[in-house]
Amino acid sequence: MITTTDLYKTYQMGNVAVHALNGVSVSIKEGEFVGISGASGSGKSTLLHMIGLLDRPTSGGISISGLDVIALSDQEKTIFRLERLGFVFQEYALVHELDAFENIALPMMARGETDERISDRVSEMLASVGLQERGKHLPKELSGGEQQRVAIARALVNDPDILLADEPCANLDSTNSKAVLDLIREINQESNQTVLMISHEDWHQQYFDRVIRLKDGEVVEE
Ligand SMILES: Nc1ncnc2c1ncn2[C@@H]1O[C@H](COP(=O)(O)OP(=O)(O)OP(=O)(O)O)[C@@H](O)[C@H]1O
């Protein structure tokens, strides 16, 4: 479903070239739950950002469901992200002024969905992450684990094929981390959504179907 071919990303910092990805070729099947691990600076976020169409590789190819996504125009990429990809980040990235319900509704509003559809679907998503009583809470009125569950509901509200998660448990204690991982695993199994998740923690590996390990921008284990 996702294939990267000889992916390179070089950041130019003045006279210094930082080679964040050095020829990464990986294949991820539909419905797989794949962990991405490796030391700090090994290129994990860069790889996730390339697959999430948040940044362009210096060279190499990315194909998602047979589509050459690098060739898409900026507008086509925006639509592709909105319809096909969901993102979860370690810092939750919720809009502070909006309550949980409104945060989850944002990707549907961006697609121009009707108020009725938004209301039904957001209520369904709140229930699926166990927060049906918390829709009117602002992010600051929620615990870290609850905020991350809102972020997961927001990432999934448009029913994407692929969930990309960049250390979603980094700011959570072990109980909340487990709740978030259980939730992602459940979504992956029930909806056959493909999940790519960056993680530093060895104990997370029991959740993954397999792990892609990076070192200095190269795949050392797949
Ligand atoms: N925008 C940027 N400009 C310049 N260099 C960058 C940029 N983003 C990342 N890098 C560099 O690219 C390399 C890979 O970074 P990346 O964030 O992908 O690593 P990572 O494995 O996700 O690290 P961490 O676990 O610390 O988040 C690092 O050396 C980093 O300093």
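1. A word on contacts before anything else: two residues are in contact if their C-beta atoms, placed from the backbone, lie within 7 Å. With that in hand, 72% of the contacts in the protein chain with a separation of 6 or more are made by residues 24 or more positions apart. Keep in mind as you read that this is a predicted model.

2. Now the overall picture. The protein chain holds six helices and ten strands. Its radius of gyration is 17 Å, close to the 17 Å that the globule rule gives for 222 residues, so the chain is as compact as a globular protein of that length. The C-alpha trace spans about 50 × 40 × 35 Å along its principal axes. As for burial, 40% of the 222 residues count as buried.

3. On to the ligand. Which residues surround it? Going up the chain, you meet Tyr 11, Met 13, Val 18 and Ala 20, then Gly 38, and then Ser 40, Gly 41, Ser 42, Gly 43, Lys 44, Ser 45 and Thr 46. By type, the shell divides into four nonpolar residues, seven polar and one charged.

4. Where do those shell residues sit? Strand S1 (2-13), strand S2 (16-28) and helix H1 (44-51) each supply at least two of them. The largest share, three residues, comes from H1.

5. Follow the chain past H1 and you come to an odd backbone spot. Leu 53, in the loop between H1 and strand S4 (59-64), has a positive phi of about 60° although it is not a glycine. Is Leu 53 buried or exposed? It is buried, because 21 other C-beta atoms lie within 10 Å of its own, and 20 or more is what counts as buried.

6. There is another such spot at Ser 65, which belongs to the loop between S4 and strand S5 (67-68). Ser 65 is not a glycine either, and its phi is positive at about 50°. Ser 65 counts as partly exposed, with 13 C-beta neighbours inside 10 Å.

7. Helix H4 is a nice one to look at end-on. It covers residues 115-128, 14 in number, and reaches 20 Å from its first C-alpha to its last, close to the 20 Å expected at 1.5 Å a residue. Its buried residues are Ile 118, Val 122, Met 125 and Leu 126. Seen down the axis of H4, the buried residues fall within an arc of 100°, so they line one face of the helix.

8. What about the rest of H4? The face turned away from the buried side carries the exposed residues Glu 116, Arg 117 and Asp 120. Over the buried residues of H4, the cover includes helix H3 (100-110) and helix H5 (144-156). Just after H4, Gly 130 takes a positive phi of about 75°.

9. H5 deserves its own point. This helix has 13 residues and reaches 18 Å from first C-alpha to last, close to the 18 Å expected at 1.5 Å a residue. H5 is mostly covered, with eleven of its 13 residues buried. Among the buried ones are Glu 146, Gln 147, Gln 148, Arg 149 and Arg 154, along with Val 150, Ile 152 and Leu 156. What covers them? The buried residues of H5 have a cover that includes strand S6 (85-89), H3, H4, strand S7 (162-166) and helix H6 (174-191).

10. Two residues of H5 are worth a closer look, starting with Gly 145. Gly 145 is partly exposed, with 19 other C-beta atoms within 10 Å. Leaving out residues up to four places away in sequence, Gly 145 touches Leu 172, Asn 176, Ala 179 and Val 180. Gly 145 and Val 16 are 129 residues apart in sequence, and their C-alpha atoms are 39 Å apart in space.

11. The other is Arg 154, also in H5. Arg 154 counts as buried, with 27 C-beta neighbours inside 10 Å. Not counting residues up to four places away in sequence, Arg 154 touches Asn 103, Ile 104, Leu 106 and Pro 107. Leu 106 is 48 residues from Arg 154 along the chain, yet their C-alpha atoms are separated by 7.5 Å.

How values were computed: Residues are numbered from 1 along each chain as its sequence is written. This is a predicted model: local features need pLDDT of at least 70, side-chain atom pairs count only at pLDDT 80 or more; totals for chains, interfaces and linings use all residues. A residue is near a molecule or strand if its C-beta atom, placed from the backbone, lies within 6 Å of it. Helices (H or I, at least four residues) and strands (E, at least two) are DSSP runs, numbered from the N terminus. Ala, Val, Leu, Ile, Met, Phe, Trp, Tyr, Cys and Pro count as nonpolar, Asp, Glu, Lys and Arg as charged, and the others, Gly among them, as polar. The expected span of a helix is 1.5 Å times one less than its number of residues. A residue is buried if 20 or more other C-beta atoms lie within 10 Å of its own, exposed if 12 or fewer, and partly exposed in between; C-beta atoms are placed from the backbone. The arc is that of the directions from the helix axis to the C-beta atoms. The radius of gyration is taken over C-alpha atoms; the globule rule is 2.2 Å times the number of residues to the power 0.38.
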